[in-house]
Amino acid sequence: MKKMIMLLALLPLLYCSRMPEIRYFTINYEFEKTSDKKYDVLFIKNFKTEPIYISDKLVYRVSDYEIKFDHYRRWVLAPAEMLSVQTLNDLRKSGLFDWVTDVLPRQKDFLRLEGKVLQFEETQQNGQRYANVKVLFSLHDNDTDNLRWNKELGAKVLIDSPDSEGIVKATSQAVKLTMDQLVDELINLE
């Protein structure tokens, strides 16, 4: 009987308390970097990632040794997938290629872009918070599998407001700067 009374006493508390809402975010920016056509076909292979970025949870470092995952703020896609899609969209808009695809082309002669997400997180440094994005890109001639270019590109952007929107806005800017660097590298590639 005592258990029943205690359960009835706790019932209003259980009923009124709710789990925090899970919020989903995506990167968003205007891509404006364009160029004259330089190449025919580019195949973008699905990006890989460091193990800590496999999840869709926002990642933040509180020190050089401690990494935390935000269970209630998440990306709409895991970072590697989100950056693969963003790279595809941005390079289509760039004008560098006749055709940019994430489906393996039937012809043999095309360029293949691969990426590995090395960093996609919020960090703290000297009392400031930053959005950090770093990707290792490599470009191959698909028919010979020769490596034409390989480079780490990325950006670190100050988070200027303490809310979720500030983190996502800074991360979006870091991705944009990384994509701008990628287009510049491809333009200047010999």
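Let us begin at the loop between strand 7, residues 111–125, and strand 8, residues 128–141, for this is where Asn126 is found. Please keep in mind that we are looking at a predicted model. What is the phi of Asn126? The angle is near 50°, a positive value in a residue other than glycine. Asn126 counts as exposed, because its relative accessible area is 76% and the cut-off for exposed is over 50%.

A second residue with a positive phi is Asp145, at about 65°, although Asp145 is not a glycine. Please look for Asp145 in the loop between strand 8 and strand 9, the latter covering residues 146–158. Is Asp145 buried, partly exposed or exposed? Its relative accessibility is 47%, so Asp145 counts as partly exposed.

Let me now place these loops in the whole chain. The protein chain has 3 helices and 9 strands. Reading along the sequence, one meets the pattern α-β-β-β-β-β-α-β-β-β-β-α.

I turn next to helix 2, which runs over residues 79–94. This helix has 16 residues, and from its first C-alpha to its last it reaches 22 Å, close to the 22 Å expected at 1.5 Å a residue. Which residues of helix 2 are buried? They are Pro79, Ala80, Met82, Leu83, Ser84, Gln86, Thr87, Leu88, Asp90, Leu91 and Ser94. Just after helix 2 comes Gly95, with a positive phi of about 80°.

Helix 3 covers residues 164–187, and Thr178 is found in it. Thr171 also belongs to helix 3. Let us take these two threonines in turn.

Thr171 has a relative accessible area of 6%, and is therefore buried, the cut-off being under 20%. What does Thr171 contact, once its neighbours within four places in sequence are left aside? Its contacts are Ile27, Trp75, Phe120, Ala131 and Val133.

Thr178 is likewise buried, because its relative accessible area is 1%. Setting aside residues up to four places away in sequence, Thr178 touches Val133, Phe137, Leu153, Gly154 and Ala155. You will notice that Val133 appears among the contacts of Thr171 and also among those of Thr178. How far apart are Thr178 and Glu30 in sequence and in space? In sequence they are 148 residues apart, and in space they are 13 Å apart, C-alpha to C-alpha.

That pair leads us to contacts across the chain as a whole. If we take the contacts with a separation of 6 or more, residues 24 or more positions apart account for 70% of them. As for burial, 41% of the 190 residues of the protein chain count as buried.

We may now consider overall dimensions. What radius of gyration would a compact globule of 190 residues have? It would be near 16 Å, but the protein chain has 21 Å. Taken along the principal axes, the box filled by the C-alpha atoms is roughly 80 × 40 × 30 Å.

Finally, a word on surface and charge. The accessible surface of the protein chain comes to about 11,600 Å², and 52% of this belongs to carbon and sulfur atoms. There are 27 positive and 29 negative side chains in the protein chain. The centres of these two sets lie 7 Å apart.

To close, I would ask you to return to the model and find two residues: Asn126, exposed in its loop, and Thr178, buried in helix 3.

How values were computed: Residues are numbered from 1 along each chain as its sequence is written. Side-chain values use heavy atoms; hydrogens and water are left out. Helices (H or I, at least four residues) and strands (E, at least two) are DSSP runs, numbered from the N terminus. The radius of gyration is taken over C-alpha atoms; the globule rule is 2.2 Å times the number of residues to the power 0.38. Buried means under 20% relative accessible area, exposed over 50%, partly exposed in between (1.4 Å probe, protein chains only). Contact means heavy atoms within 4.5 Å. Accessible areas come from the Shrake-Rupley method with a 1.4 Å probe; for residues, only the protein chains shown count as cover. Lys and Arg count as positive and Asp and Glu as negative; His and the chain ends are not counted. The place of a charge is taken as NZ of Lys, CZ of Arg, CG of Asp or CD of Glu. The expected span of a helix is 1.5 Å times one less than its number of residues.
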